[in-house]
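Please work through the exercises below with the sequence and the model at hand. Each task is followed by a solution in steps.

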Amino acid sequence: MSNYHIKHLEEYYQVYRKSVREPHNFWEEIAEEHFLWRKKWDTVLSWDFSKPEITWFEGAELNITENCLDRHLATRSDKTALLFEPNNPDEPAQHITYKQLYHQVNKMANVLKSKGVRKGDRVCVYLPMIPELAVAVLACARIGAIHSVVFAGFSSTALATRINDANCSLVITSDGAYRGAKTIDLKGIVDDALNSCPDVKTVLVVKRIHSKITMKPNRDCWLQPLLDAAPNEAKAEVMKAEDPLFILYTSGSTGKPKGMVHTTAGYMVYTAYTFKNVFQYKENDVYWCTADIGWITGHSYIIYGPLCNGATSVMFEGVPSYPDFGRFWDIIQKHKINQFYTAPTAIRALAKNGTELIDTYNLSSLKVLGSVGEPINEEAWHWYNDNVGKRKSPIIDSWWQTETGGIMISPLPYVTPTKPTYATLPFIGIQPCIMDEHGTELQNNQVEGRLCIKFPWPSMARTIWNDHKRYKDTYFSTYKNMYFTGDGALRDEVGYYRITGRVDDVIIVSGHNLGTAPIEDAINEHPAVSESAIVGFPHEIKGHALYGYVTLKEKGESRDHNNLRNEINQIITEHIGPIAKLDKIQFTPSLPKTRSGKIMRRILRKIAEKDTSNLGDISTLLNPECVQDIIKEAL
Ligand code: WT7
C-alpha cells in the first residue's frame, strides 16, 4: 500500500525520506494505486534542469476528466461534486452531483467539438465564478483542448494579449457578471478585446445577468440552446502524460505575461495527492476554497485536486463583503464547511470589521483553515486562529506558485505542529533549499536567503507557451541546476520554512501577483508621462500596495496633478485591470539611476516604505542628487 494519506508526524518524516531517497518508486506507487490510466508509463521521471526538460510518467495515456468524473460514477454518482453558492444569498445554492457534472461536461465537450475545436487547440475561458466555468475547463480537458482561463477582472487589453499569445480560436464568456451589488459587462469587454484578435472564430455566451448585449452574427452564440441539443456522453480523448492540459498566465519582469504550461499526468497526480493531505479531506467533508478559478489556486484546488478525490467543492460567485462582511461566515454555517481555504488579504479585511458579526454565526463545522497567496502576518494569523478556528482548527499556511502547480511547503493539519507565519515543512517529494547571493547553498538551519527547489516534482510547469528560452532564463539560470522561485525565505532551528516575500520585480497586492514592468509600460503610454517606476509598500489590508514614481514630459508639467493621477490609474485599469491601480503617485523631476541607466528600485522602495535611514551607497548613482528631493516630496 502506498502512503496516499499521511496521518501523523512520524509517518510524514518516514514518507518524506522515502520520497527523497527513491522518488521514482515513491511516485510510481502513488500513481499506480490512486488513478485511472488508459496505459501505464514506461519511465516515471526524466529530467535535465540545464535545458530544462522534465517529463513525468512518459509513455502513459489517460484523460484527467475520467479521473475527476467517470471513475466516481460507480460509488459517488449522487454525491455533490460542485456546490454553487450564488452572489445573491437569496438565490438558491446549486448542488451539482458527480453524475450531473459528468453529463454537463460531456454536453459542453460535444458543443466545443461541434464548433470545430480539436485536440491541442487553445480555448480561452473568460467567465465569472459560475458552474459553467468549471464545466468549460473540464470540457476542454475531455476533448484534449488546452484551456486558457483568464481571470474575469482583467481588462480587454489584457484579455486580447492573452488570447493572441496562445492563439485561441474560441472564447467562452457570459453576458455579464455579478460582483456584490455591481454588475460587470463581460461581453462588452470581450467584444473590445476581439477587435484585435483576428483568429477567434467563435464566442460562446452564457446567460447569467440577462443584460442587453450585442451578438455578432456568425461569431457569437448563446451557449444554453447548444447544450440542450448536445448529446450527454462524449468520448474522452486519450492524452499522453506530457500533453499540455492548460496555459495560465502570470506576470513577470517584462511587460509580456508568461503563459505557464502545465501538462496532464504529473499535474493530476500531484494536485490530487496534495489536496488529500494538505486538507486531510475525508469522504463526507464539504471543502471551500474562496479563490477564483482564474488563478492557479482555483484550477488546482477547486477543480482538479478535489474532483480527483471525489470531494465536494464549493464555488462562490460573490465577494466577502456582500451583502455584508458576514457573508463568508454565513456560507460556512449554511453549508457546514469543513475545510476553508482563503487569502491573508481577505482575512485582514474581515478582521478590520471586528468580531461582532462573526460571533453570531455557528462555525463549529470547521476542521482546517488554509491560507495562500502571500505571507500571512502574525496579527492576521492570530485573528484567523482565535476568531474563525476558535483555536481548534489548525492553520495551513501553504506556499506555492502558478509555476509549481500545487502546494509545495505547508503544514499538514493534525500532523505538523503549526507556527505563526511559517509555512513549516516541505510537502512529500519537495526538496527546497536556501541559496545565498553567490550561488552557494546554505546547508544549516537558522539561515536566510533565496528559495530554490533542487529536484523536480510532478506538477511543475514544463515551459512558457511559445517561449522556452524565457522559461529557462527566468527559473533555471539564476542558480545552476535549481528551480529559482523568486521568493526569499528563512529556515528556523527545527527546519521550518518562513517565506519572507518576493526578491524580484513582482509585487503581491491583495494576493494578486503583479509585475512592475507591465504596469510601467501602461503608465508610459500616457502622453504626458516620460518615465515611471513602481514599487510596493506595506498596506494594512492588501499586504502590499503600489507606489508609483512618475516623471513628466515638459507638456505635462503644468497639468493638475490629481487629474493626472486619475488618468494614470484609468490607463492602468484599461491595460491590466483595476487590481493594478496605484495607491500613491509621486511626480518627480527624475528617477535615481545607475551609470548603466537602470532605475534603482531598491532606493525607491525604501523611500516608499518610509525607511530612509539606511539607503546604502548612493554615490555610484548617475544622479545621486535627486534622492534627497524625492525623499522630501515623498507621500
Ligand atoms: C507567489 C506566487 C499559489 C497560489 C496563489 C499565488 C506568494 C503564495 C504564499 C504563502 C508567502 C506566498 C509567493 C509566491 N505566496 N503563497 N503561503 N506565504 N508567500 O500564486 O500568483 O503564482 O504567486 O505568491 O511570493 O512566489 P501566484
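The exercises concern a predicted model and take up an annotated region, a ligand shell, a glycine and two helices.

**Exercise 1. State which residues the annotated domain covers and what its secondary structure content is.**

Step 1. The unreviewed UniProt entry carries the annotation "domain: AMP-dependent synthetase/ligase", which covers residues 70-462.

Step 2. Over residues 70-462, helix accounts for 30% of the chain and strand for 21%. The C-alpha atoms at the two ends are 27 Å apart.

**Exercise 2. Describe the shell around the ligand by residue, by class and by element.**

Step 1. The ligand is surrounded by 22 residues, of which the closest are Pro375, Gln401, Thr402, Ile499 and Asn513.

Step 2. Two or more shell residues are contributed by each of helix H11 (296-308), strand S24 (483-491) and strand S25 (497-502). The largest share, 3 residues, is that of S24.

Step 3. Sorted by class, the shell holds 9 nonpolar, 9 polar and 4 charged residues.

**Exercise 3. Locate glycine 577 and decide whether this residue is buried or exposed.**

Step 1. Glycine 577 is found in the loop that runs between helix H17 (561-575) and strand S30 (584-587).

Step 2. The cut-off for a buried residue is 20 or more other C-beta atoms within 10 Å. Glycine 577 counts as buried because it has 21 C-beta neighbours inside 10 Å.

Step 3. Apart from neighbours within four places in sequence, the contacts of glycine 577 are Gly153, Phe154, Ser155 and Ala158. Glycine 153 is 424 residues away from glycine 577 in sequence, yet their C-alpha atoms are 6.2 Å apart in space.

**Exercise 4. Determine which residues of helix H8 are buried, how they are arranged about the axis, and what covers them.**

Step 1. In helix H8 (residues 186-194), the buried residues are Leu186, Lys187, Ile189, Val190, Ala193 and Leu194.

Step 2. Viewed down the axis of H8, these buried residues fall within an arc of 155°, so they line one face of the helix. In general, an α-helix has 3.6 residues a turn, so residues three or four places apart point the same way.

Step 3. Their cover includes helix H7 (156-166) and the strands S8 (170-174), S9 (177-179), S10 (182-184) and S11 (202-206).

**Exercise 5. Establish how many residues of helix H13 are buried and what covers them.**

Step 1. Helix H13 (residues 344-351) is mostly covered, with 7 of its 8 residues buried. Among them are Pro344, Arg348 and Leu350.

Step 2. The elements that cover the buried residues of H13 include helices H12 (327-335) and H14 (378-388). Strands S18 (339-342), S19 (368-371) and S29 (543-552) also belong to this cover.

Conventions:
Residues are numbered from 1 along each chain as its sequence is written. This is a predicted model: local features need pLDDT of at least 70, side-chain atom pairs count only at pLDDT 80 or more; totals for chains, interfaces and linings use all residues. UniProt positions are given in the numbering used here, feature names are shortened, and annotations may be inferred rather than shown by experiment. Helices (H or I, at least four residues) and strands (E, at least two) are DSSP runs, numbered from the N terminus. A residue is near a molecule or strand if its C-beta atom, placed from the backbone, lies within 6 Å of it. Ala, Val, Leu, Ile, Met, Phe, Trp, Tyr, Cys and Pro count as nonpolar, Asp, Glu, Lys and Arg as charged, and the others, Gly among them, as polar. A residue is buried if 20 or more other C-beta atoms lie within 10 Å of its own, exposed if 12 or fewer, and partly exposed in between; C-beta atoms are placed from the backbone. Two residues are in contact if their C-beta atoms, placed from the backbone, lie within 7 Å. The arc is that of the directions from the helix axis to the C-beta atoms.
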